[in-house]
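Biologist: Before we discuss this protein, I should like to see its sequence and its model. Please display both.

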Amino acid sequence: MSEAIASLDSVPIARVTGRLIKVNGLMLQAVGCRFKLEQRCLVETAEGDMIEAQVVGFEHNVAFLMPIRRLGGLFAGAKVVPLDGDSTVEISAQWLGRVLNGQGDAIDDGPAIKGGDRVSLEPKPINPLKRRSVDTPLDVGVRAINGLLTIGKGQRIGLMAGSGVGKSVLMGMITQNTEADVIVVGLIGERGREVREFVERNLTPEARKKAIVIAAPADESPLMRLRATLLCHRVAEYFRDQGKDVLMLMDSLTRYAMAQREIALSLGEPPASRGYPPSVFSLLPQLLERAGNGENPEGSLTAIYTVLAEGDDQQDPVVDSARAILDGHVVLSRQLAEQGHYPAIDINASISRCMAACTQGSHSTIANQFRAMVSNYLQVKELLPLGGYQPGQDPELDRAVSLYPQLKNYLVQGVDERSDYVNSLTALAQLFQSPM
């Protein structure tokens, strides 16, 4: 009798499973089980494989699932197995120098990644009163940003522009030139060929050793793009909490919003602004608030997001929402790019909200003088070729016109050129012949 009782431990416990009743595009519908929102599931295929999916909504007793990978081999009545526990991932120093997908699997030619600290993709929110303040400048190696749009360690900033204006190139310059212990790069929803190009062209051998690239190209499912975005933030948070100075660059925030839009529209959520449903604008602050400094006084997490302005419209809903949430924005001008002015930063349309807290008063004063001169020059720019501007009437305008070639040279920088923080400030002070 005792042996019979002991053998009961080896008897598998019955597990309740659901069944697939409908496939509508990327949306799966399942019944027969108690599914929870955001719960992971395995869906059976005709070949006997299991496809991972996630619960994204429900209606009455019908659960809506979206697969993480491409569909194939599904059939009516397929078994749907709910999985226990939250989405987790094992993170370790083995990730440094690797290229991974949204599930944390290596997609380069390196060895398999095994072991590490298992953490949830959804960490606990940080008490805002316990966040370390942003008060130390970060050297990004780009003269215009160092001198006029100084970024602090732990700041969140957006690179905003239309397509083909140089967002990815500027992000590559920042990646090469910024001093950080760990660099996390998220390539979300971009062209597949750009993944290899970014790794080979924008990451020097030294930067590659401390960089983690997480890629979810445009041909991946919307859910995979969302998971890759969350994974970027989780990895950056993990190393920040270990006391590391982390630089996270994500290209692009707009593709994340578009992925959420695809899911929301598939669930029947009505569009609110230019096709974006309300859920997109509620998820953006939840995501962006994860970046920045944490409670550990030793670590920092500086985040730079590229934001696509469709049709060069700076009032695009995603651009407008990101601008309100982030700690600053760098606007790239197509007009400057067409003139061969790179990086095509529109200084007067850009701002760093943490600059005053990270710099000395004299630095901010000269930066404001620089902006004022550029603004004065633009007021009379169109009159100069026509002879409509007569010097001698306004000393401020005269000075702005005479100094503009030097101001422009300060803003222009080659892709392979690096201008550190000290040299950027020195060059800025020399424009006005005033010591910093």
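Modeller: One definition is needed at the outset: Ala, Val, Leu, Ile, Met, Phe, Trp, Tyr, Cys and Pro count as nonpolar, Asp, Glu, Lys and Arg as charged, and the others, Gly among them, as polar. Please also bear in mind that the model is predicted.

Biologist: By class, how many nonpolar, polar and charged residues does the lining of the largest cavity have?

Modeller: The lining consists of L138, K153, T178, E179, A180, D245, V246, L247, S300 and T302. Among them, L138 and V246 belong to the nonpolar class, K153 and D245 to the charged class, and T178 and S300 to the polar class. The full count is four nonpolar, three polar and three charged residues.

Biologist: What volume does the largest cavity have, and which element supplies the largest share of its lining?

Modeller: The structure holds one cavity of 30 Å³ or more, and the volume of the largest cavity is about 40 Å³. Two strands, β15 (245-251) and β16 (300-308), each supply at least two residues of its lining. The largest share, three residues, comes from β15.

Biologist: Where is the cis peptide bond that joins D251 and S252, in terms of the loop that holds S252?

Modeller: The bond between D251 and S252 has an omega of about 10°. D251 is the last residue of β15 (245-251). S252 lies in the loop between β15 and α7 (253-266).

Biologist: Which loop holds P343, and what is omega for the peptide bond from Y342 to P343?

Modeller: P343 is found in the loop between α10 (334-338) and β18 (351-352). The bond that leads to P343 from Y342 is cis, with omega near -10°.

Biologist: Is E38, with its positive phi, buried or exposed?

Modeller: E38 is a residue other than glycine with phi near 70°, and its place is in the loop between β2 (27-31) and β3 (40-44). Exposed means over 50% relative accessible area. Because E38 has 52% relative accessibility, it counts as exposed.

Biologist: Which residues have the most contacts inside the largest nonpolar core?

Modeller: In soluble globular proteins, nonpolar side chains tend to be buried together. The largest nonpolar core here has 56 residues. Those with the most contacts inside it are L148, I174, I345 and F370.

Biologist: What does L148 touch, not counting residues up to four places away in sequence?

Modeller: The residues touched by L148 include the charged R143 and R371. The complete set is R143, I347, M355, A367, F370, R371, Y410, L411 and L428.

Terms used
Residues are numbered from 1 along each chain as its sequence is written. This is a predicted model: local features need pLDDT of at least 70, side-chain atom pairs count only at pLDDT 80 or more; totals for chains, interfaces and linings use all residues. Side-chain values use heavy atoms; hydrogens and water are left out. A nonpolar core is a set of buried Ala, Val, Leu, Ile, Met, Phe, Trp, Tyr and Cys residues joined through side-chain atoms within 4.5 Å. Buried means under 20% relative accessible area, exposed over 50%, partly exposed in between (1.4 Å probe, protein chains only). Contact means heavy atoms within 4.5 Å. On a 1 Å grid over the protein atoms alone, a cavity is a set of points where a 1.4 Å probe fits but cannot get out, and a pocket is an open set with protein on both sides within 12 Å along at least five of seven lines; lining residues have an atom within 4 Å of a point. Grid points are joined across faces, edges and corners, and a volume is the space filled by probe spheres set on the points. Helices (H or I, at least four residues) and strands (E, at least two) are DSSP runs, numbered from the N terminus.
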